[in-house]
Amino acid sequence: MMIKFVCLLVIFVGVSYIGISLSINYSKRERFFNELISFCNVLFNNIKFNKSKLKVVIKENLDNYKTELKDYLQNYLENKEVKISLLTEYENSKVNEFFVSIGKLDSFGELNNIENYKIIFNEFYEDCKLNNKKYGNLYSKLGVIFALILVILFV
Amino acid sequence: MVEDILPENFKVYFTNLNFNYINEIRLRANKPIVVNVMGRNKFLTTSGLTENIDEAIICKLSDISEIIKKASDNSLYAVNDQIKKGFLTIKGGIRIGVCGEVVEENDCVNTIKNINSLNIRIPHKIKNCSLNAYLHIVNNNKVRNTLIISPPGAGKTTFIRDLAEQISNKNPAINILLVDERAEISATVDGMQMLNVGPSCDIYTNCSKAFAFENGIRSMKPDVIITDEINLDDDLKAIKTAITSGVSVIATIHANDIYDLKSKPNFDDMLKNKIFERYVVLSSKNGPGTYEGIFNENLVCVYL
């Protein structure tokens, strides 16, 4: 009886966890692009008013980021290229493209470049926001419901 | 610090060289790398330096691009204002002269692209190199308006760096405004001075002399303004304004000697008005910073 109870508990927690993880993934993606846009704004202002160097801006603001962006920026400082598991192949390529492109133009060019990428990142963000709204709650609820159904079936 | 900006494949070639003796490293795309050691040009080889051009290492365009990328900290926009003027300054006051295709728009230089030549100039601190001149320039806490005359590479910048430190250390009551247009006197990078210019120096970097003179006099109330490489065409007005405001000026100018200086525009005006009270002539005859003489306002030699 005890073993059965433990098994059912494991099934319930496991299946719910899958649903909730899928749901968290959506919100993480939304937060990632939100932070990336905010980084673009910080960079834009620093280039426009201070012409601060890229690494200085990153170092000064690194602690403001809580998502995978922080690791990404940390790796950028160490000249390492990384792939963000959270993002699709296309999203990854755009984020990498952005970081490769910055620092190569004069300030006018840089500001335009940042604005252009901000448009792309905004589109990603809006998509993520929509998907999070649509599927975020759905997956967590589905996970719990499916886990309950399995438990009931096994009982 | 030069090592930080060199491409990885070059670093090994420089391991045997002592940067304390290197004045310049000249890199030209697809040409041999030239290193100036104590005033003599030699070619860089895999094992050191040589005078045989056939053994020289050839610099690639990609090497130059990599140096620019490293020197700008991957932030070209941050140094473009300097690049537009043909140089960029990095940590340690190292000045990198750049040559390439100048991009212009509406008669203004936008940038220099396809940079294919670099001249990396490494500054050296020579303690007390200005001491002999100091005695003729500063008297009873009063600094005489002084013009330092020398051809390029004869130690003007090193001289005024030391002079600023001497004045600052020996006369704490004197406030100095250092107008360091190319950030090479004080080697200021990211707001930090890398080379000592004394405790009572306020420093303007990366700005025009006209801006620094006008605003500096108003806001910082200096007793002395020290600046590098003036142009008698453009800067004389600012210097006159400073002097008539009661601020002493110490400046440097490119010329071989006093006679060479006479051929410069506005020289007569400068001499007639006795704008400068002392002229210090330097050359590289016996190494950079060789004194050729100190002259008074009437161009009479007071020290040889």
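In the predicted model, residues 24 or more positions apart account for 63% of the contacts in chain B that have a separation of 6 or more. In chain A, the corresponding share, again among contacts with a separation of 6 or more and again for residues 24 or more positions apart, is 73%.

The secondary structure of chain B comprises 9 helices and 21 strands, and its C-alpha atoms fill a box of roughly 55 × 45 × 35 Å along the principal axes. The radius of gyration of chain B is 20 Å, which agrees with the value near 19 Å expected for a compact globule, because the chain has 304 residues. Of these 304 residues, 39% count as buried.

Chain A, by contrast in composition, contains 5 helices and 0 strands, so that its elements, read from the N terminus on, follow the order α-α-α-α-α. For a compact globule of 155 residues a radius of gyration near 15 Å would be expected, but chain A has 21 Å. The C-alpha atoms of chain A, taken along the principal axes, fill a box of roughly 70 × 30 × 25 Å, and 23% of the 155 residues of this chain count as buried.The two chains meet at an interface in which 10 residues of chain B are in contact with 13 residues of chain A. On the side of chain B that touches chain A, helix 3 and strand 9 of chain B each supply at least two residues, and the largest share, 4 residues, comes from helix 3 of chain B. Classified by residue type, this side of chain B has 3 nonpolar, 5 polar and 2 charged residues.

Helix 3 of chain B, which spans residues 76-84, also contains a set of buried residues, namely B:Leu76, B:Tyr77, B:Ala78, B:Val79, B:Asn80 and B:Ile83. The cover over these buried residues of helix 3 includes elements of both chains: from chain A, helix 1 (2-50) and helix 5 (107-154), and from chain B, strand 7 (87-90), strand 8 (94-105) and strand 9 (108-121). Strand 9 of chain B thus appears both among the elements that cover the buried residues of helix 3 and among those that supply at least two residues to the side of chain B touching chain A. Helix 3 of chain B is followed by B:Gly86, for which phi is positive, near 95°.

Conventions:
Residues numbered from 1 in each chain as written. Chains lettered and ligands numbered in written order. Predicted model: local features only at pLDDT ≥ 70, side-chain atom pairs only at ≥ 80, totals over all residues. Rg over C-alpha atoms; globule rule 2.2 N^0.38 Å. Buried ≥ 20, exposed ≤ 12 C-beta atoms within 10 Å, placed from the backbone. Contact = placed C-beta atoms within 7 Å. Nonpolar A, V, L, I, M, F, W, Y, C, P; charged D, E, K, R; others polar.
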